[in-house]
Amino acid sequence: MSILEVKNLKKNFGSLEVLKGIDFSLEKGEALAMIGASGSGKTTLLRCLNFLERPTHGQIIVNNKVIFDADDNKSLGDAQIRKNRLHFGMVFQSFNLFPQYTALRNCTLARELMAKERPDFKENKKKIMDEITAEGEALLESVGLKEKMNYYPHQLSGGQQQRVAIARALMLQPDILCFDEPTSALDPELTGEVLKVIRGLADRHTTMVIVTHEMKFARDVSDKVLFLDQGTIAEYGTPEQVFEHPKEERTRQFLERYFED
């Protein structure tokens, strides 16, 4: 059963059509790598899934429930958008951590704010906050940052900051974890530590959508690969199909740039 279905998704910015009818599905526990040249629409597609952009046309379905339908767009208020966004955890290429908070507080802040809306919050405040803190500590430990929980972002390397961002996204227990070129802002020596964390998530069958320029990583880690070209899906299939036996000449040309050595 598909955890995510995207149907005929289009996105225009004025007269510019960036996404031209995107259709794909993702099974629970699968990792989907999204590849393509800069400007092909990868980040726009990811932002549409996260409701950071509103699609011009099409549907987004999570767990068999339509969470976005462009034809019924007007009924989607801010509160519903915030609720729908919780289906997706987002890890940005530029980390986007709060500089005034520690690594641990960056992880727990959103959950703390959500907890305050619980009817039993006042009565059980200490227990609830202790549970959130413990969960944040466990997630930071799982990404190798046990000793850095009380450090501020400026005290952390880029790779460490990105691992905090991954832990923060996991704190909200999303159905689907999304990565927008998570290593593009990192030096090569720091890239490996972030890819290792993502590889570990894939091994634990975390459902993920990963926009990446790391072709070897995409080939090794993903269950499905989607090649976007000028706002359309040029190629879609298993890593073996896309990387070893691409059907489209455009795909072959794109991949040759990465694997010519």
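**Why these words? A chat about a predicted model**

Student: What makes S40 count as buried?

Tutor: S40 has a relative accessible area of 4%. The cut-off for buried is under 20%, so S40 is called buried. Keep in mind that we're looking at a predicted model.

Student: Where does S40 sit, and which residues does S40 touch?

Tutor: S40 is in the loop that runs between strand 3 (31-35) and helix 1 (42-49). Leaving out residues up to four places away in sequence, S40 touches V18, L228, D229, Q230 and G231. "Touches" here stands for heavy atoms within 4.5 Å.

Student: What does the side chain of S40 reach, and at what distance?

Tutor: The backbone oxygen of A37, at 2.8 Å. A polar contact needs N or O atoms within 3.5 Å, and 2.8 Å falls inside that limit.

Student: Let's go on to F24. Why is F24 called buried or exposed?

Tutor: The relative accessibility of F24 is 5%. Buried means under 20%, so F24 counts as buried. F24 belongs to strand 2 (residues 16-27), and apart from neighbours within four places in sequence, F24 is in contact with L4, E5, V6, L32, L45, L226, I233 and Y236.

Student: How far apart are F24 and L226 along the chain, and how far apart are their C-alpha atoms?

Tutor: They are 202 residues apart along the chain, with 8.7 Å between the C-alpha atoms.

Student: Okay, D175. Why is D175 called partly exposed?

Tutor: D175 has a relative accessible area of 26%. Partly exposed is the band between the buried limit of 20% and the exposed limit of 50%, and 26% lands in that band, so the label fits D175. You'll find D175 in the loop between helix 5 and strand 7 (176-180).

Student: How do you know that the side chains of D175 and H87 make a polar contact?

Tutor: Their separation is 2.7 Å, and the limit for a polar contact is 3.5 Å. H87 is also one of the residues that D175 touches, along with I3, V62, N63 and T207, not counting residues up to four places away in sequence. As for M208, the C-alpha atoms of D175 and M208 are 8.7 Å apart, with their positions 33 residues apart along the chain.

Student: N63 came up there. What is notable about the phi of N63?

Tutor: The phi of N63 is near 50°, which is positive, and N63 isn't a glycine. Most residues other than glycine have a negative phi. N63 lies in the loop between strand 4 (57-62) and strand 5 (65-69). With a relative accessible area of 42%, N63 is partly exposed.

Student: And F95: what is the sign of phi, and is F95 buried or exposed?

Tutor: Phi of F95 is near 70°, a positive value in a residue other than glycine. F95 has a relative accessible area of 12%, and the buried limit is under 20%, so F95 is buried. F95 is in the loop between strand 6 (88-91) and helix 3.

Student: Now the helices. At what angle do helix 3 and helix 5 pack, and what is that arrangement called?

Tutor: Helix 3 (residues 103-115) and helix 5 (residues 158-171) pack at about 20°, with their axes 8 Å apart. Angles under 35 degrees count as roughly parallel, so helix 3 is roughly parallel to helix 5. Their crossing is right-handed.

Student: Which residues meet there?

Tutor: From helix 3, A103, N106, C107, T108 and R111 meet V164, A167, R168 and M171 of helix 5. By class, that contact has five nonpolar, two polar and two charged residues.

Student: What about helix 4 with helix 5: what angle, and what is it called?

Tutor: Helix 4 (residues 125-142) and helix 5 pack at about 140°, and their axes are 9 Å apart. Roughly antiparallel needs over 145 degrees, and roughly perpendicular covers 65 to 115. An angle of about 140° fits neither, so helix 4 is oblique to helix 5. This crossing is right-handed.

Student: Which residues meet in that contact?

Tutor: I132, E135, G136, L139 and L140 of helix 4 meet V164, A167, L170 and M171 of helix 5. They divide into seven nonpolar, one polar and one charged.

Note on methods
Residues numbered from 1 in each chain as written. Predicted model: local features only at pLDDT ≥ 70, side-chain atom pairs only at ≥ 80, totals over all residues. Heavy atoms only, no water. Axes fitted to C-alpha atoms, helices over the stretch in contact; angles between N-to-C directions. Helix = DSSP H or I, 4+ residues; strand = E, 2+ residues; numbered from the N terminus. Left-handed = near helix turned anticlockwise from the far one by under 90°. Nonpolar A, V, L, I, M, F, W, Y, C, P; charged D, E, K, R; others polar. Buried < 20%, exposed > 50% of the residue type's maximum accessible area, 1.4 Å probe, protein only. Polar contact = N/O pair within 3.5 Å; in protein donor to acceptor, adjacent residues only side chain to side chain.
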